[in-house]
Structures are given as structure tokens and as C-alpha cells.
Amino acid sequence: VEYPVGVPPLWMGKRTQRRESTGPRSPGPTTPTRDTRTIRVKMVLLGSSGVGKSSLAIRFSKDEFKGTLPTVGCAYFTQVVCLSDVTFHFEIWDTAGQEKYHSVTPLYYRGAHAALVVYDISKRESFIRAQMWLRELEKHYIPASTVMVLVGNKGDLSELRQVTLQEGHSLAVDRGLLFMETSAKSGNQVSELMLAIAHRVKRCTSEHQSGLTEWQETELVNLRRSETLQHPLASCCPSIGP
Ligand SMILES: Nc1nc2c(ncn2[C@@H]2O[C@H](COP(=O)(O)OP(=O)(O)OP(=O)(O)O)[C@@H](O)[C@H]2O)c(=O)[nH]1
């Protein structure tokens with residue numbers, strides 16, 4: 001794996017806890033047990049500008065909600081999700097939603113094991129745009145083994161809702177996607193979303209043998225570590241990233 005400049009690799013071993021957990025909210029994976037597999041998962045966040053991709057990534061990796069600026073190119077986060085017999089090391093690529101970055105986005109979603117298309121439930125336009133993203137992903141880049149997820153974010157803004165739960169659900173059913181409404185602001189359904197993705201990735205791994213990288217046993221340094229970086233090379237260096 002090549003990491004972008006400034007992002008140190010996360011060392012992980014096979015010894016992890018057996019309880020299901022997703023990072024800081026759950027009791028952390030501080031009590032390693034033996035013989036669980038550790039697998040690296042590349043996950044990419046896509047969708048219009050302002051739908052809350054960065055906020056979701058921050059909520060997931062740090063369990064925080066804070067002011068964000070529009071992403072430039074791409075940002076990178078990590079988090080660990082433990083299932084009973086396997087530990088997933090998520091590498092989260094948070095892409096920029098602004099139109100001017102559209103042409104570089106494929107650099108980030110190629111090779112993704114999970115792709116999240118995010119819309120804002122209070123902005124219909126973002127839902128229409130999400131459908132455009134889904135068509136693009138399905139047509140050009142994403143193999144059947146990739147876990148595709150539709151996420152309706154800003155669920156806390158229900159009084160401003162422009163996209164019904166039923167509409168999101170129907171789109172997901174039509175296309176065979178995992179679907180969830182979340183709130184990065186309150187944290188509602190964010191851990192649940194990640195656990196659902198981990199389970200789906202696990203299932204896809206066994207069905208498709210999709211090339212997920214199993215980590216070799218190495219020194220266990222810190223399973224709870226998470227990193228973020230506003231990526232300085234995002235729009236000029238196609239060789240960065242896994
Ligand atoms: N009420 C509410 N606001 C949110 C939520 N998630 C994000 N926001 C706000 O929406 C705005 C945009 O959030 P970002 O996370 O920067 O959106 P983004 O999709 O990463 O935007 P780009 O980087 O431009 O692609 C910010 O003001 C966030 O605070 C949420 O769940 N609820």
C-alpha cells in the first residue's frame with residue numbers, strides 16, 4: 001500500500017478483540033485476543049458538496065462533529081471495526097463534492113471495496129446527483145464485488161426534509177444497495193452504518209474473493225489510532241493512494 005505523503009501506515013496484527021465495535025464509541029479494541037483475521041478495506045465517500053461526507057468521516061473516525069471547510073481533492077481517515085472473527089481496518093477516502101474536482105474523483109474510487117454515495121435529506125438536488133453518481137459508478141468503475149451504499153445524511157433536519165425515507169429506500173432496493181439514513185451531527189446510525197458495511201464486506205469477501213488484503217501479523221502498535229489529512233497532492237498526483 002502506498003500512503004499519501006504525511007500519512008503514516010497503521011500497523012495491525014491478528015490479535016484483536018472479539019466483540020463487535022466501531023472505534024471510539026464502543027469500548028476500544030484494547031484487549032487483544034488471538035486468531036482473528038485483520039483485513040484492509042478501502043472505502044470511498046462520494047456525493048455533492050455539503051451533504052456531509054467529511055462530517056460523516058470525522059464522526060466515524062473520531063466520534064466528533066465539528067465545523068468543516070469544503071474538501072480540497074480528498075481527505076483520508078482510518079478506523080477499525082471489529083466483528084466476532086475478523087477485524088477490518090477501514091481506509092476512508094473522503095472525496096471533494098465540488099464540481100471542479102469531479103475529474104479527479106475516479107483516482108480515489110478505483111479499487112474501493114466499499115463506495116458510499118451520500119445525499120442530504122433536506123436537499124432534493126443532492127438526491128438527484130446521488131443517482132448520477134450511482135450510474136457513473138455502476139457503468140464504469142465499480143465491480144460487482146464492491147459494496148455499494150446509499151446514505152441519506154442530515155437525518156436530524158427532518159423538518160426540512162425534501163427526500164422521503166421511502167424514496168431513498170426504493171432507490172436502494174432497485175439497485176441492490178445497502179441503505180441508511182444517518183446524522184453526522186447527532187451521530188445517529190453512524191456506527192450502525194459502519195457495522196452493516198463491515199458485515200456486507202465480509203459476505204462479499206467470501207462470495208467474490210475480491211482481493212481484500214489480509215494483513216500479516218506485525219507488531220501491534222495502536223488499534224484505536226485514526227488519522228486525517230487534507231490531501232495536498234490530490235489534484236496533481238495520480239499515483240497516490242492504494
Ligand atoms: N444538521 C446537520 N448538518 C450537517 C450534518 N453533516 C454535516 N453537516 C453540515 O453540513 C455542512 C457541510 O458538511 P461537510 O461535511 O463539509 O460536507 P461535504 O459533503 O464533505 O462537503 P465537500 O467537502 O464540499 O464535498 C457543514 O456545515 C456541516 O456542519 C448533519 O448530519 N446534520
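Me: Two strands pair if DSSP finds at least two bridges between them; strands are E runs of at least two residues and helices H or I runs of at least four, numbered from the N terminus. So over how many bridges do β2 and β4 pair?

Reply: Heads up, this is a predicted model: local features need pLDDT of at least 70, side-chain atom pairs count only at pLDDT 80 or more, and totals for chains, interfaces and linings use all residues. Residues are numbered from 1 along each chain as its sequence is written. One facing pair is Arg-40 and His-89, the latter in β4. β2 (residues 37–47) and β4 (residues 86–95) pair in the parallel sense, and the bridge count is nine.

Me: Which residue in β5 stands opposite Val-44?

Reply: β2 also pairs with β5 (residues 114–120), in the parallel sense over five bridges. In that strand, the residue opposite Val-44 is Ala-115.

Me: How many of the 11 residues of β2 are buried?

Reply: Buried takes 20 or more other C-beta atoms within 10 Å of a residue's own, exposed 12 or fewer, and partly exposed anything in between, with C-betas placed from the backbone. Across the protein, buried residues make up 45% of the 242 residues. β2 is mostly covered, with a buried count of nine.

Me: What order of strands and helices do you get along the sequence?

Reply: The protein has five helices and nine strands. Read from start to end, they give β-β-α-β-β-α-β-α-β-α-β-α-β-β.

Me: Which strand gives the most to the largest nonpolar core?

Reply: A nonpolar core here is a set of buried Ala, Val, Leu, Ile, Met, Phe, Trp, Tyr and Cys residues joined through C-beta atoms within 7 Å. The largest one has 56 residues, and those with the most contacts inside it are Ala-114, Ala-115, Leu-116, Val-117 and Val-149. With seven residues (it spans 74–82), the top contributor is strand β3.

Me: Buried or exposed: what is the state of Ser-54 in α1?

Reply: Nine of the 10 residues of α1 are buried, so this helix is largely enclosed by the rest of the structure. Asp-63 follows α1 with a positive phi, near 55°. Lys-53, Leu-56 and Phe-60 are among the buried residues of the helix, and Ser-54 is likewise buried.

Me: Which helix gives the largest share of the shell around the ligand?

Reply: The shell has 20 residues, with Ser-49, Gly-52, Ser-54, Thr-71 and Gly-97 coming nearest; a residue gets in if its C-beta, placed from the backbone, lies within 6 Å of the ligand. The largest share is three residues, and they come from helix α1.

Me: What arc do Gly-168, Leu-171 and Ala-172 cover around the axis of α4?

Reply: In α4 (residues 165–175), those three are buried. They sit on the same side of α4 because their arc, taken from the directions from the helix axis to the C-beta atoms, is only 95°.

Me: And which exposed residues does the opposite face of α4 carry?

Reply: Gly-176 comes just after α4 and takes a positive phi of about 70°. Turned away from the buried side of α4 are the exposed Gln-166, Ser-170, Val-173 and Asp-174.

Me: How far apart in space are Ala-196 and Val-149?

Reply: Ala-196 lies in α5 (residues 190–208), and it counts as partly exposed because 16 other C-beta atoms lie within 10 Å. In sequence, Ala-196 and Val-149 are 47 residues apart, while C-alpha to C-alpha the separation is 9.9 Å.
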